[in-house]
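Work through the exercises below with the structure in view. Each task is followed by a solution in steps.

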Amino acid sequence: MSTGVTISSISDYAILGCGSVGYAVAEELVEQGKDVLIIDRDESRVESLRDQDLDARTADIVEAEAADLVADRDVVLILASDVEANKHAVENIRELNDGQFVVVRASDPVSGDELEALGADIVINPSSVIAESALRALESGELEYNAGKLAALLEQTGTRLAIVTQDSPDPDSIASAAALQAIADHLGIESDIIYLGDVGHQENRAFVNLLGIDLVQWDEVGDRSIYDTVALVDHATSAESEMDLPVDIVIDHHEPEREYEPEFVDIRPNMSSTSTIMTKYIQEFDMNVSEEVATALLYGIRAETLDFKRDTTPADLTAAAYLYPFANHDTLEQVESPSMSPETLDVLAEAIANRDVQGSHLVSNAGFVRDREALTQAASHLLNLEGVTTTAVFGIADETIFLAGRSKDIRINIGKVLDDAYGEIGETAGHSTQASAEIPLGIFTGIEISEDTRDTLLELTEEAVKRTLFDAMGVEGSEGSNGS
């Protein structure tokens, strides 16, 4: 638009074709104090509009006269149900004045494309608008229903609620658990956040410590019978059998790997993070979200979407916008820049030195490791190398090969790659962008581990793991390089 003003500051509008849609728009604009001129060929309708103190005039919108009548208006909305008439109106307006902002009603995508080609700035399709509105109403209704069902189930808790995260929880899992704990507290229910593995990643440890989130290791729980309600949040792998407790609630943005029969299920693969789902529940319960929970949820969303650069949905952005004013951004900065342990630095150095790059895929052997979580950090760091879109870093610990994979290649599902490569001989978990595998060392070597056999084991393992992994990635058997 050539007027140099924004739509929100415009006061002069014209509506061509005033059926039910045009009348609804006119009412809203007048309510906002805008000056609206209505053009319609139906004389009785025009008279009726005038009786309601609206500025309406009789003219056929397909004629050049209609374009002349609205030539001084900044915005023209062409809203007749007759799409052919709308096309003529656009042509007439563009011939007379190319600077007006023109919004036109279409009937389908084809007519929409034709109207854009004729010079319409915005094309609207009432059917699509109604469908989107219906879907938003449905989503809102479903959320209200689910929140009521969740509240009723939580309120049945007799003693204590167990909120179970991933075995080795990441920020999304921790934040989602903290949000559910806040909801439980809002309802007067006592709860604990439980994990079965360890919090190994420095960033995750900083996240928990800085926000003061209390996590309980399952092995340290004395009286486990106190948990009469169990909820799994952002739980990539099942721990039901290990906990020996029935699961009542499952909330996740990934389909579970095992079958559950919980009373409450909310699984939304169309969401990028469970933190986004939990933010919606926080809003639905009309709670005063604490700074700690808001900061945790915002970081959970950012971590899962790589700061909104990966698989981000409008729901993620809306949730983040809601959380932003309540979050502590100094704490976020501290979480995102944790100190690197000497062990992690050693593993990263080893992984860099031993990298094997084939095409855009990198596989590296970090040798014998003490901190398995350092493999995850190394895989993430190596993904920043120029030309590299997929990384896998593995190391040996406790007679087991541990492997961490990362990918930003939309053509590759790293979780499926690791499952294809090692699913039959070990345990794998993950999804399209990050995954892990644990493989018994003896499967590859058959050699008893001792100080004398360490180097041999390392060589045999490296060859076997790399070959299997590159094959699963679909890389031809060409010689790799160290990427230098």
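**Exercise 1. Helix α4**

Against which elements do the buried residues of α4 pack? Then check the length of the helix and find its N-terminal cap.

Solution. The model is a predicted one.

Step 1. List the buried residues of α4: Val 83, Ala 85, Asn 86, Lys 87, Ala 89, Val 90, Asn 92, Ile 93 and Arg 94.

Step 2. Look for their partners. These buried residues pack against the strands β1 (12-16), β4 (75-78) and β5 (101-105), and against the helices α3 (64-69) and α5 (109-118).

Step 3. Check the length. Helix α4 covers residues 83-96, which is 14 residues, and at 1.5 Å a residue a span of 20 Å is expected. The C-alpha atoms at its ends are 20 Å apart, so the model agrees with the expectation.

Step 4. Find the cap. The N-terminal end of α4 is capped by Asp 82, which has a side-chain oxygen 3.1 Å from the backbone nitrogen of Glu 84.

**Exercise 2. Two positive phi angles**

Where are Asp 53 and Asp 286 found, and is each buried or exposed?

Solution.

Step 1. Recall the usual case: most residues other than glycine have a negative phi.

Step 2. Compare the angles with it. Asp 53 has a positive phi of about 65 degrees, and Asp 286 has a positive phi near 55 degrees.

Step 3. Place the residues. Asp 53 is in the loop between α2 (43-51) and β3 (55-58). Asp 286 is in the loop between α10 (274-284) and α11 (291-304).

Step 4. Apply the cut-off: exposed means over 50% relative accessible area. Asp 53, at 75%, is therefore exposed. Asp 286, at 66%, also counts as exposed.

**Exercise 3. The largest nonpolar core**

Which residues touch the most other members of the largest nonpolar core, and which helix gives the most to this core?

Solution.

Step 1. The core has 50 residues, and those touching the most other members are Ile 183, Phe 207, Ile 213, Tyr 281 and Phe 285.

Step 2. Helix α7 (residues 171-186) gives the most to this core, with eight residues.

Step 3. Take Ile 213 as a case. Beyond its neighbours within four places in sequence, Ile 213 is in contact with Ile 174, Ala 178, Ile 193, Phe 207, Val 208 and Ala 296.

**Exercise 4. An aromatic pair**

How do the rings of Trp 218 and Tyr 227 pair?

Solution.

Step 1. The model has two aromatic pairs.

Step 2. The ring centres of Trp 218 and Tyr 227 are 6.3 Å apart and their planes are at 40 degrees, so this pair is tilted.

Step 3. Both Trp 218 and Tyr 227 are buried.

Terms used:
Residues numbered from 1 in each chain as written. Predicted model: local features only at pLDDT ≥ 70, side-chain atom pairs only at ≥ 80, totals over all residues. Heavy atoms only, no water. Helix = DSSP H or I, 4+ residues; strand = E, 2+ residues; numbered from the N terminus. Buried < 20%, exposed > 50% of the residue type's maximum accessible area, 1.4 Å probe, protein only. Core = buried A, V, L, I, M, F, W, Y, C linked by side-chain atoms within 4.5 Å. Contact = heavy atoms within 4.5 Å. Expected span 1.5 Å × (residues − 1). Polar contact = N/O pair within 3.5 Å; in protein donor to acceptor, adjacent residues only side chain to side chain. Phe/Tyr/Trp six-rings, centres within 6.5 Å; stacked < 30°, edge-to-face > 60°.
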